[in-house]
Amino acid sequence: MALRKIRTMGDSILTKVCKPVKENTPKIQILIDDMFDTMYEAYGVGLAAPQVGILKRLVVIDTEDNPIVLINPEILEVSGEQTGDEGCLSVPGKVGVVTRPNYVKVKALDRDFNEIIVEGEELLARAICHECEHLDGHLYVERVEGELRDSSDEEA
């Protein structure tokens, strides 16, 4: 397992649409492990493959000591609304207010290529929506209501 370089806003790879993962290969398993290591090292709750330079539809999330792998995720249902601060490992040091669904239901493949349905509320719903948008070349800054702020302002 290894830490991967997190691409930051301005890197063109973050604006590209990712391709589906077609088969479960050793390289995909290594990528999943590396993505978790990279996300934990950066104190994130989610990471999408394009954020580490790989244009594949693959996301890892861990909001409550419950690691989730979503391969080729497809959002099936959303409901409710939540508005709050959001940040991104690809936009270091910044946060902004974003409105997202409060509930999301997603279909995907897990790391063993079994089809799964994941339902999430609050932070997990926010993370699923945020990471899935990365797979279509979008950053949360496109949704920010108002201005981006320095995340260090929150600690003062």
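Ile 61 touches Phe 36, Met 39, Val 45, Gly 46, Asn 66, Pro 67, Ile 68, Leu 70, Leu 124, Ala 127, Ile 128 and Glu 131, leaving aside residues up to four places away in sequence; contact here means heavy atoms within 4.5 Å. This is a predicted model, where local features need pLDDT of at least 70, side-chain atom pairs count only at pLDDT 80 or more, and totals for chains, interfaces and linings use all residues. Numbering runs from 1 along each chain as its sequence is written, and side-chain values use heavy atoms, with hydrogens and water left out.

**Nonpolar cores**
- The largest nonpolar core (buried Ala, Val, Leu, Ile, Met, Phe, Trp, Tyr and Cys joined through side-chain atoms within 4.5 Å) has 17 residues, and Ile 61 is among those with the most contacts inside it.
- Two or more residues each come from strand 2 (58-61), strand 3 (68-79), strand 6 (103-109) and helix 2 (123-134); these are DSSP runs numbered from the N terminus (helices H or I, at least four residues; strands E, at least two).
- Helix 2 gives the most, with 6 residues.
- A second, separate core has 15 residues, including Met 35 and Leu 109.

**Salt bridges**
- There are 11 salt bridges (a side-chain nitrogen of Lys or Arg within 4 Å of a carboxyl oxygen of Asp or Glu).
- Arg 100 pairs with Glu 86 at 2.8 Å, N to O, and with Glu 133 at 3.0 Å.
- Arg 100 and Glu 133 are both buried (under 20% relative accessible area; exposed is over 50%, partly exposed in between; 1.4 Å probe, protein chains only).
- Shared partners join Glu 86, Arg 100, Arg 126, Glu 133 and Arg 143 into one network.
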